[in-house]
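Open the model in your viewer and keep the selection panel at hand. This tour goes from a whole chain to the pair of chains, then to a helix and a loop.

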Number of protein chains: 2
Amino acid sequence: MTEDSDLRHREKMAKKKASRDRLMARKTGAKGLVIVHTGAGKGKSTAAFGMAMRCVGHGMKVGIIQFIKGAWDTAERRVMEGFGDLVTFRAMGEGFTWETQDRARDMEAAARAWELASDLLSDPSYGMVILDELNVALRYEYLSLGTVLAAVAARPEGQHVVLTGRNAQPAVIEAADLVTEMTMVKHPFKDGIKAQKGVEF
Amino acid sequence: MTEDSDLRHREKMAKKKASRDRLMARKTGAKGLVIVHTGAGKGKSTAAFGMAMRCVGHGMKVGIIQFIKGAWDTAERRVMEGFGDLVTFRAMGEGFTWETQDRARDMEAAARAWELASDLLSDPSYGMVILDELNVALRYEYLSLGTVLAAVAARPEGQHVVLTGRNAQPAVIEAADLVTEMTMVKHPFKDGIKAQKGVEF
């Protein structure tokens with residue numbers, strides 16, 4: 001009886017230790033995160049840009065694919081160009097605002113952007129890949145959700161990927177490690193104030 | 001009778017035009033915005049950092065006062081230092097995490113940070129002033145809400161000010177032009193994943 005209960009106690013302790021070890025192994029391992037910025041509020045692309053700059057400060061290589069025109073402005077590009085080879089930036093949305101009636105043309109542009117994106121997602125030299133406004137392309141079914149999620153899942157270990165844009169699909173949120181929703185509480189355009197340099201562009 | 005109605009019509013049109021002119025004047029004028037990033041989610045300081053970088057890309061001078069230790073990391077500082085005189089950064093929260101039991105010491109630190117902040121808020125050479133985590137200092141009443149709001153209201157025309165931190169006070173939201181709430185939808189720490197370079201720090 002005493003021996004039995006001692007054995008049981010030791011087994012229980014061993015199990016606890018194994019469980020704790022597994023937890024610590026997970027906690028200490030470097031892991032590439034899937035990050036989603038969604039919601040109707042501001043700051044989705046701006047926070048992604050801030051993360052890109054933080055990576056650059058760590059000497060990590062960052063790739064940014066812009067799926068819609070206008071979210072990244074000349075001022076941001078100017079800053080990114082200052083970091084030379086550390087930042088790869090591709091704006092695929094030139095003249096392309098999702099407001100066109102030409103769905104075939106939009107889908108072609110999205111496919112071209114995705115081709116570049118999937119190159120970055122299979123290149124282990126990139127520490128972070130930002131797919132800006134990809135959520136919108138997925139929402140309009142300009143790209144296949146399955147293709148995108150498979151490429152994200154198969155990316156190099158340790159690579160962070162950031163997906164921005166309103167209306168993130170449930171499967172995207174499911175696949176993500178970190179999801180932030182930006183909600184608009186108050187917006188100056190509603191009071192008739194024009195977009196301001198340094199804030200809006 | 002015809003003359004009367006003609007006069008009334010012209011008066012009405014003149015009033016409409018004046019109203020439209022006033023609206024357009026507001027819409028086209030440069031206006032320094034009060035911007036608040038609040039909520040329990042991530043991206044509040046990161047989006048402010050992204051805006052700072054955007055301003056720098058426009059050649060605007062940016063001042064950043066960090067009211068709590070840790071929100072801005074060495075990688076971000078390294079990037080900011082690259083812009084020389086365009087960026088003024090002061091971390092007032094060294095060794096100061098709001099977890100101390102020494103309220104008098106915390107209030108002194110907050111007062112020192114505020115002194116610097118109010119210098120920037122009265123210096124027209126700064127295009128943007130970021131008061132990072134100020135909302136927390138206000139919430140704990142380490143600073144006077146009235147003093148802060150008066151300084152923000154009296155700042156140079158055209159200067160943007162960004163206040164970040166959870167639990168923005170209603171009076172701060174009232175005074176703001178643009179308020180975004182960052183909500184946490186999903187967070188990796190809950191799954192036992194350690195903070196990752198380039199994302200969390």
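Helices (H or I, at least four residues) and strands (E, at least two) are DSSP runs, numbered from the N terminus. This is a predicted model, in which local features need pLDDT of at least 70, side-chain atom pairs count only at pLDDT 80 or more, and totals for chains, interfaces and linings use all residues. Residues are numbered from 1 along each chain as its sequence is written, chains are lettered from A and ligands numbered from 1 in the order in which they are written, and side-chain values use heavy atoms, with hydrogens and water left out.

**Stop 1: chain A.** Select chain A and colour by secondary structure. You should count 7 helices and 6 strands. Trace the chain along its sequence: the order is α-β-α-β-α-β-α-β-α-α-β-α-β.

Now colour by burial. Buried means under 20% relative accessible area, exposed over 50%, partly exposed in between (1.4 Å probe, protein chains only). Chain A has 201 residues, and 48% of them count as buried. Switch on the surface: chain A exposes about 9900 Å² (Shrake-Rupley method, 1.4 Å probe). Carbon and sulfur atoms supply 51% of that area.

Next, show contacts (heavy atoms within 4.5 Å). Take those in chain A between residues at least 6 apart in sequence: 80% join residues at least 24 apart.

**Stop 2: both chains.** Superpose chain A on chain B, by least squares on the C-alpha atoms of residues with pLDDT of at least 70 in both. A turn of 180° and a shift of 0.0 Å along the axis lay chain A on chain B with an RMSD of 0.0 Å. This is the relation of a two-fold axis. The same surface serves both copies, as 100% of the contact residues of chain A recur in chain B.

**Stop 3: helix α6 of chain B.** Select residues 145-153 of chain B. Which residues of this helix are buried? They are V148(B), A151(B) and V152(B). These residues sit on the same side of α6(B), because they cover an arc of only 100° around the axis (taken from the directions from the helix axis to the C-beta atoms). Add their packing partners in chain B: β1 (34-38), α4 (103-121), α5 (134-139) and β5 (160-164).

Move to the N-terminal end of α6(B). S144(B) caps it, with a side-chain oxygen 3.3 Å from the backbone nitrogen of G146(B).

**Stop 4: D177(B).** Go to the loop between α7 (170-175) and β6 (178-186) of chain B, where D177(B) is found. D177(B) counts as buried because its relative accessibility is 10%. Show polar contacts (pairs of N or O atoms within 3.5 Å; within protein, one must be able to donate a hydrogen and the other to accept it, and residues adjacent in sequence count only if both atoms are side-chain atoms). The D177(B) side chain makes one with the side chain of K31(B), at 3.3 Å. The side chain of D177(B) also reaches the backbone nitrogen of V34(B), at 2.8 Å.
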